[in-house]
Amino acid sequence: MNHDTEKYCSDLFEKQRKIVEAKIENIFNNKLPESLYEPCSYIVKSGGKRLRPMLVLFSAKAVGGRYSDVYNAAIAVELLHNFSLVHDDIMDNSNMRRGRLTLHKKYDLSTAILTGDNLIAVAYSFLLKDCSINFKSVVSTFTNGVIQVCEGQSLDKEFETRSNVSIKDYIIMIEKKTAALLETCCSLGVQLCGGDSAKIKALSNYGKYLGIAFQIQDDLLDIAGDENEFGKIIGGDIVEGKKTFLFLRALEKAKGNTLKELQSVIKNKGVQRKEVGKFKEIYLQLGVMEDAKKEIIKYSSKALSELKFIPSIKDKEMLTWITHLLIKRNK
């Protein structure tokens with residue numbers, strides 16, 4: 001991708017992101033009770049790339065739709081995403097999100113739970129505004145996305161106490177927890193603009209494979225990223241005893257005392273924060289960070305292979321640029 005193309009994609013992405021951002025900024029303004037809507041506003045204004053709404057917009061454009069046809073649906077998926085973050089942070093007992101206090105730490109647990117509940121309800125209210133066609137299938141797709149995200153989070157928590165998790169199990173989990181929402185975004189964009197079943201399937205697959213690559217990249221950044229850029233404390237996954245791609249691949253490759261060290265993470269349901277550096281060194285020695293990078297490239301390539309049908313070169317380049325953006329990110 002040449003410099004001019006990258007600039008075109010970057011500028012277009014930023015232009016549309018600002019439009020969506022402005023709409024999100026106003027959702028909860030002047031709404032009562034303040035005790036509910038101030039926390040709602042706090043979480044949706046906490047930043048982020050707004051990747052999910054952008055996928056709705058650019059998937060719609062790829063099948064001949066207009067951005068204006070799907071702005072409300074784009075907001076709906078961002079609200080759904082934030083709903084999942086609020087509840088994930090509670091379940092993971094996280095202190096920081098995007099460089100700021102998590103909702104349950106800034107306010108309290110009850111407020112955070114209620115805020116998450118309200119976000120999903122408001123998400124549906126926005127989705128319905130764009131449902132002029134394919135009403136039943138659109139609502140069904142969105143609802144299935146919610147269910148998949150919840151199933152994925154449940155598996156993620158279950159894996160923390162299971163000793164026999166395989167990389168295949170892990171991929172199934174992230175297909176639900178992370179990839180299903182990106183798949184939903186792309187599917188909604190196509191459905192709301194009247195795309196046929198082949199286009200729905202192709203762009204849904206694009207979203208799914210992109211989501212898998214995105215999550216493995218997230219796992220990698222958790223141990224190898226810069227804390228200031230990442231916005232979260234580095235090493236949180238190993239501290240919590242999460243079965244990430246890197247940890248599971250390390251278990252496959254380790255022998256002797258190194259294997260015992262890794263098995264102790266499972267036995268103790270995590271490690272002390274002061275031990276994170278030791279396990280980062282184990283990952284480096286075993287080469288699992290390089291293995292993770294190869295998996296990211298593999299799933300990104302699978303995602304890109306689903307874009308062959310898109311007639312407009314510009315639309316195809318936009319989704320290709322987004323893919324490259326995600327696999328090169330540092331936060």
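Select the lining of the second largest cavity: its residues divide into four nonpolar, two polar and two charged. In this classification Ala, Val, Leu, Ile, Met, Phe, Trp, Tyr, Cys and Pro count as nonpolar, Asp, Glu, Lys and Arg as charged, and the others, Gly among them, as polar. The residues to highlight are Tyr42, Ile43, Ser46, Arg97, Arg100, Leu101, Thr102 and Leu103. A cavity is a set of points, on a 1 Å grid over the protein atoms alone, where a 1.4 Å probe fits but cannot get out, and lining residues have an atom within 4 Å of a point. The volume of the second largest cavity is about 40 Å³; grid points are joined across faces, edges and corners, and a volume is the space filled by probe spheres set on the points. Colour α2 (34–44) and β2 (100–101) next, since each supplies at least two residues of this lining. Helices (H or I, at least four residues) and strands (E, at least two) are DSSP runs, numbered from the N terminus.

The model on display is predicted: local features need pLDDT of at least 70, side-chain atom pairs count only at pLDDT 80 or more, and totals for chains, interfaces and linings use all residues. Residues are numbered from 1 along each chain as its sequence is written, and side-chain values use heavy atoms, with hydrogens and water left out.

Move now to the largest cavity, one of two cavities of 30 Å³ or more in the structure. About 60 Å³ of space lies within it. Its lining consists of Asp219, Asp222, Ile223, Asp237, Ile238, Lys242, Thr244, Leu246, Phe247 and Tyr283. The elements that give two or more residues to this lining are α9 (197–224), α11 (236–240) and α12 (245–253). The largest share, three residues, comes from α9. By class, the lining of the largest cavity divides into five nonpolar, one polar and four charged residues.

Next, select Ala73, in helix α4 (residues 71–92). Is Ala73 buried or exposed? Ala73 is buried, because its relative accessibility is 0%; buried means under 20% relative accessible area, exposed over 50%, and partly exposed in between (1.4 Å probe, protein chains only). Leaving aside residues up to four places away in sequence, Ala73 touches Val56, Phe126, Leu127, Asp130 and Leu192, where contact means heavy atoms within 4.5 Å. A C-alpha to C-alpha distance drawn from Ala73 to Ser35 should read 26 Å, for a sequence separation of 38 residues.

Three backbone sites follow. Pro33 is in the loop between α1 (3–25) and α2, and a cis peptide bond joins Leu32 and Pro33, with omega about 5 degrees. Asn134 lies in the loop between α6 (109–129) and α7 (135–161); although not a glycine, Asn134 has a positive phi of about 55 degrees. Asn134 is partly exposed, with a relative accessible area of 36%. Lys269, in the loop between α13 (256–268) and α14 (276–286), has a positive phi near 55 degrees and is not a glycine either. Lys269 is exposed, at 55% relative accessible area.

Finally, display the whole protein chain, with its 16 helices and two strands. The C-alpha atoms fill a box of roughly 60 × 50 × 35 Å along the principal axes. Buried residues make up 55% of the 331 residues. Among contacts between residues at least 6 apart in sequence, 74% join residues at least 24 apart.

How values were computed: On a 1 Å grid over the protein atoms alone, a cavity is a set of points where a 1.4 Å probe fits but cannot get out, and a pocket is an open set with protein on both sides within 12 Å along at least five of seven lines; lining residues have an atom within 4 Å of a point.
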